[in-house]
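Subject: Handover of a structure and its findings

Dear colleague,

Please find below the structure that I am handing over to you, together with its sequence. My findings follow directly after it.

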Amino acid sequence: MESARTHLLQFCSHWAVVSRTKGRTMKTKNWMSSGLTLTAVAALALGLAACGGDDNTADNNATPTPAATGGVVNVSGDITTDTTWTADNTYLLQGAVFVRQGATLTIQAGTQVVGEHSSLGTLVVARGGHINAIGTREAPIVFTSDRPVGSRARGDWGGLILNGSAPLNVPGGVKEGEGDTGEFGGNNVNDNSGTLRYVRVEYAGIEFSPDNELNGIAFQGVGAQTTVDHIQVHFNLDDAMEFFGGTVNVKYALATAAGDDSFDWTDGWRGKGQFWIAQQKGDDADNGFECDNLEGIVDASPRSNPTIYNVTLVGSPGRTAGDGSTHGMVLRRGTAGTLRNFIILGFKQAAYDVRDASVAQAQNGALSLDNAIIYGNGGGPGSGYTAWLQQNAVVQVSPELAAPYNLGQPNFMPASNSPAVNGTVPVAAPPNDGFFEQVNFIGGMGSSDWTEGWTTAEQS
Ligand SMILES: [Ca+2]
Ligand SMILES: [Ca+2]
Ligand SMILES: [Ca+2]
Ligand SMILES: [Ca+2]
């Protein structure tokens, strides 16, 4: 790795060039192609004064989406004491902003947080740090792009990263986050990183080095005492949500137009999920679920083994070329899991594909799909392990959802005569453990639209 000084010198020369052009694309291209890590770029952005002769530390093209009142508050570096962001301001993340150990960042309902494109704005909650982002249906907390409405796209800024100290299955049990975003993992199953509630993360996932993109929300070794419900990730360049080990539980999650997978897990994630919906946009997408135990060490312990009830995964059925919208679920590299009350429709290839070391998990029952509706997937209902299609209540029938493929006005609600609600497909009862809700429908939504009011379907 090059020295920070080398980076700084490169940065200064790049900045000198691009500050004359005042072109955002040019600026980012220059430092992304230099392969800098997120922290390095952030540090350099903070160290701009060292370049000399350029007093312009702001991106003149940035147009933060305006807040209701108040002004734009620039935020950079470390948050080391308890801090509150209020809804009357817009907070502009400049570079990687870290909520450090011992500090709590409270974000009021209705607050808008904007990630600066030019500096790879990103919010990282470090191990031992806390975030309390509690929005409401009427006043969600929105993390979004600094570009104007209508010009926003995947990868405009970094994303939201939570690092906890819950167990991973990687050698040594601790891992370094992508792009120098800090260590995560440990021994605390019940670690608590705070609360995310009625939170949207939009147009994030910036590519900070070739093939190294950020997730919308990365749950990295996040523990079970963390509270996460009512979250949407919209138009992310990489996965909408990815779980790297840990034990965090997530309820009411919407993933729309992700450039890679809608939900991804690896490294031994053992949490719970209920009421999840993914809608893919066929221009760019991979799998609805992409699920690993651990690449290279497929029997690493603890094994990825989540329990997930009530999910609707919607692909892009018009997609016939390229990589877009491939499988409903890819289950591989030794993952286990209990998957119940699923609807999987409209993927280019199979609804699910069980691969390599996960076939043995399916054969021994540690990985199972039951009580599900599978429909309209180009590659057929399932591949790799087909016994679920014969033995379990996995039914191939149209789920009769209102408008699952409509990108601008989606509606995932089952019709009253839908097999998801009329008893055609038996509904599995989840564990009665205080997390799961007992419901009488298959899929991520019943007769009440939990996405209404706080989510977005804007396309740019
Ligand atoms: Ca990812
Ligand atoms: Ca992925
Ligand atoms: Ca993928
Ligand atoms: Ca993956």
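In strand β23, L331 is the bridge partner of C291. The model is a predicted one, and this pair belongs to a set of four bridges through which β21 (residues 289-292) and β23 run in the parallel sense. Strand β23 is also joined to strand β25 (residues 352-354), again in parallel, by three bridges. There, V354 is the residue that stands opposite L331. L331 thus has a partner in β21 and another in β25.

The side chains of β23 (residues 329-332) may be of interest to you. M329 and L331 point one way, V330 and R332 point the other way, and all four are buried. In a regular strand, side chains alternate between the two faces of the sheet.

A second parallel arrangement centres on strand β8. This strand covers residues 141-145, and five of its five residues are buried. Four bridges connect β8 to strand β5 (residues 112-115), and the two run parallel; within that pairing, V114 has T144 as its bridge partner. Strand β8 also pairs with strand β12 (residues 194-202), in the parallel sense and over three bridges. In that pairing, F143 of β8 is found opposite V201 of β12.

Turning to the nonpolar interior, which residues have the most contacts inside the largest nonpolar core? They are F219, A255 and I344, and the core itself has 114 residues. Strand β3 (residues 90-99) gives the largest share of this core, namely seven residues. The core lies between domain 2 (58-247) and domain 3 (249-460), because both domains give residues to it. In soluble globular proteins, nonpolar side chains tend to be buried together.

I344 also leads back to β23. Its contacts, leaving aside neighbours within four places in sequence, include M329, one of the buried residues of that strand. Further contacts of I344 on the same terms are G288, L313, G328, A351, Y352, A372, I374 and N377.

For the chain as a whole, the secondary structure comes to five helices and 30 strands. The chain has 460 residues, of which 57% count as buried. Among contacts with a separation of 6 or more, 70% are accounted for by residues 24 or more positions apart.

With kind regards

Technical notes
Residues are numbered from 1 along each chain as its sequence is written. Chains are lettered from A and ligands numbered from 1 in the order in which they are written. This is a predicted model: local features need pLDDT of at least 70, side-chain atom pairs count only at pLDDT 80 or more; totals for chains, interfaces and linings use all residues. A residue is buried if 20 or more other C-beta atoms lie within 10 Å of its own, exposed if 12 or fewer, and partly exposed in between; C-beta atoms are placed from the backbone. Two strands pair if DSSP finds at least two bridges between them. Two residues are in contact if their C-beta atoms, placed from the backbone, lie within 7 Å. A nonpolar core is a set of buried Ala, Val, Leu, Ile, Met, Phe, Trp, Tyr and Cys residues joined through C-beta atoms within 7 Å. Domain bounds come from an automatic or database domain assignment.
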